[in-house]
Amino acid sequence: MRPRPPVSLAFSQAAKHGPRAALLSISGDALGTITHILIAIFSLNALINSTELILPFLQIAGGMFIL
């Protein structure tokens, strides 16, 4: 099993610049991951909340398509 890119980046930063650079690299990766997770959560929440507004129009459009 090979290490994932964040692990490789942390190892290379630690080898070149020391443990502080590795810690900054890991912190940046964690911040990016948390940001992506929050964006996904809020986008999914917005989609679920808008479903009750959009669903009747989709049902009517589907019914008209069948006719």
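In the predicted model, Ala61 is partly exposed, with a relative accessibility of 43%. This value places Ala61 between the cut-offs for buried residues, under 20%, and exposed residues, over 50%. Ala61 belongs to helix H2. Between the C-alpha atoms of Ala61 and Arg4 there is a separation of 46 Å, and the two residues are 57 residues apart along the chain.

Helix H2 covers residues 19-66 and has a kink of about 50 degrees at Glu52. The proline Pro56 follows shortly after this kink. Buried positions in H2 include Ala21, Ala22 and Ser25. The partner against which the buried residues of H2 pack is helix H1, formed by residues 5-17.

The axes of H1 and H2 are 7 Å apart, and the packing angle between the two helices is about 155 degrees. H1 is therefore roughly antiparallel to H2, since angles over 145 degrees are assigned to that class. The crossing of H1 past H2 is right-handed.

On the H1 side, the contact is made by Pro6, Leu9, Ala10, Gln13, Ala14 and His17. These residues meet Ala21, Ala22, Ser25, Ile26 and Asp29 of H2. Sorted by class, the contact of H1 with H2 comprises seven nonpolar, three polar and one charged residues. In general, an α-helix has 3.6 residues a turn, so residues three or four places apart point the same way.

Two residues of this contact, one from each helix, can be described in turn. Ala10 is located in helix H1. Its relative accessible area is 10%, so Ala10 is classed as buried, the cut-off being 20%. Apart from neighbours within four places in sequence, Ala10 has contacts with Ala22, Ser25 and Ile26. For one of these partners, Ile26, the C-alpha to C-alpha distance from Ala10 is 6.3 Å, although the pair is 16 residues apart in sequence.

Ser25 is located in helix H2. With a relative accessible area of 13%, Ser25 is likewise buried. When residues up to four places away in sequence are not counted, Ser25 touches Leu9, Ala10 and Gln13. Leu9, Ala10 and Gln13 are among the H1 residues that meet H2. The pairing of Ala10 with Ser25 thus appears in the contacts of Ala10 and in those of Ser25.

Notes
Residues numbered from 1 in each chain as written. Predicted model: local features only at pLDDT ≥ 70, side-chain atom pairs only at ≥ 80, totals over all residues. Heavy atoms only, no water. Bend = angle between axes of the 7 residues up to and from the residue. Helix = DSSP H or I, 4+ residues; strand = E, 2+ residues; numbered from the N terminus. Buried < 20%, exposed > 50% of the residue type's maximum accessible area, 1.4 Å probe, protein only. Contact = heavy atoms within 4.5 Å. Axes fitted to C-alpha atoms, helices over the stretch in contact; angles between N-to-C directions. Parallel < 35°, antiparallel > 145°, perpendicular 65-115°, else oblique. Left-handed = near helix turned anticlockwise from the far one by under 90°. Nonpolar A, V, L, I, M, F, W, Y, C, P; charged D, E, K, R; others polar.
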